[in-house]
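Colleague: Could you take me through one part of this model in detail? I'd like a close look at a single helix and what sits around it.

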Amino acid sequence: MPVQTAFKEWSIIVDTLLRGDQILILRKGGIREGRAGFSVQAKSFWLFPTQFHEQRASVIESAQQRFDAMSAADPDHVTIRALAEVVDHRELTEWSQVEALAAEHVWREEVIRERYEWGQRKAIFALVVRVHRLNDPQQIPMCSRYAGCRSWVELEAELPPPQASKPVLSASQFQARQESFQRILQP
């Protein structure tokens, strides 16, 4: 069965995931996700890079430099380069848990704190994802139903099967990073 679900994430974060520099996605949820907030709607999904919201100022300096080197997005198309598979996810309800993960991602602390504190419930979701780079990136037309502040979209375009990709990190590299995540969050 083909994967049609995509997860919208800042283009700099998608780039960081594709480089193997992080395996973590932190998410509070989009405004359009309503009172229920964020939930993991798919175990496997396409990474949908977006320019939505201010990105450069919201990441650490090394990621800002990488952001500057990236080409500008085409507003009429989205290039899908990767498939992600959720291998672990947790809702972090203690700020100390979130702080402990600081070395595992490129977001600035104040950005994550703002997300954590937004809304009635102080929490943020941490997703550990195994990323697979598509052998042939796919450019799809941007359409209005992909717009807005939401995490999940269903793609109209049919993309290649997941077998047309290869893992960004080797199994042993990924396992070491995943174990680090688990150690950090041990009580």
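Modeller: Here is a walk through helix α1 and its surroundings, followed by some salt bridges.

A word on the ground rules: this is a predicted model, so local features need pLDDT of at least 70, side-chain atom pairs count only at pLDDT 80 or more, and totals for chains, interfaces and linings use all residues. Residues are numbered from 1 along each chain as its sequence is written, and side-chain values use heavy atoms, with hydrogens and water left out.

Helix α1 covers residues 11–18; helices here are DSSP runs of H or I with at least four residues, strands are runs of E with at least two, and both are numbered from the N terminus. Eight of the eight residues in α1 are buried, where buried means under 20% relative accessible area, exposed means over 50%, and partly exposed lies in between (1.4 Å probe, protein chains only). The roll call is S11, I12, I13, V14, D15, T16, L17 and L18.

So what does the covering? The elements over those buried residues include the strands β1 (5–10), β2 (24–27), β3 (44–50), β4 (77–92) and β5 (124–141), along with helix α2 (61–69).

Zoom in on T16, and you find a residue that counts as buried because its relative accessibility is 4%. Leaving aside residues up to four places away in sequence, T16 touches D21, Q22 and V106, a contact being heavy atoms within 4.5 Å. Just after α1, G20 takes a positive phi of about 80 degrees.

D15 is another one to look at, since this residue pairs with R66 in a salt bridge, the closest N and O atoms being 2.8 Å apart. That pair links distant parts of the chain, with R66 in helix α2 and D15 in helix α1, 51 residues apart. By salt bridge I mean a side-chain nitrogen of Lys or Arg within 4 Å of a carboxyl oxygen of Asp or Glu. D15 is buried, at 12% relative accessible area, while R66 counts as partly exposed at 29%.

The structure holds eight salt bridges, and a couple of others are worth a glance. D88 and R90 meet through their side chains at 3.1 Å, N to O; D88 counts as buried at 13%, whereas R90 is partly exposed at 27%. R108 bridges to E110, with the closest N and O atoms 2.2 Å apart. In that pair R108 is partly exposed at 30%, and E110 counts as partly exposed too, at 42%.
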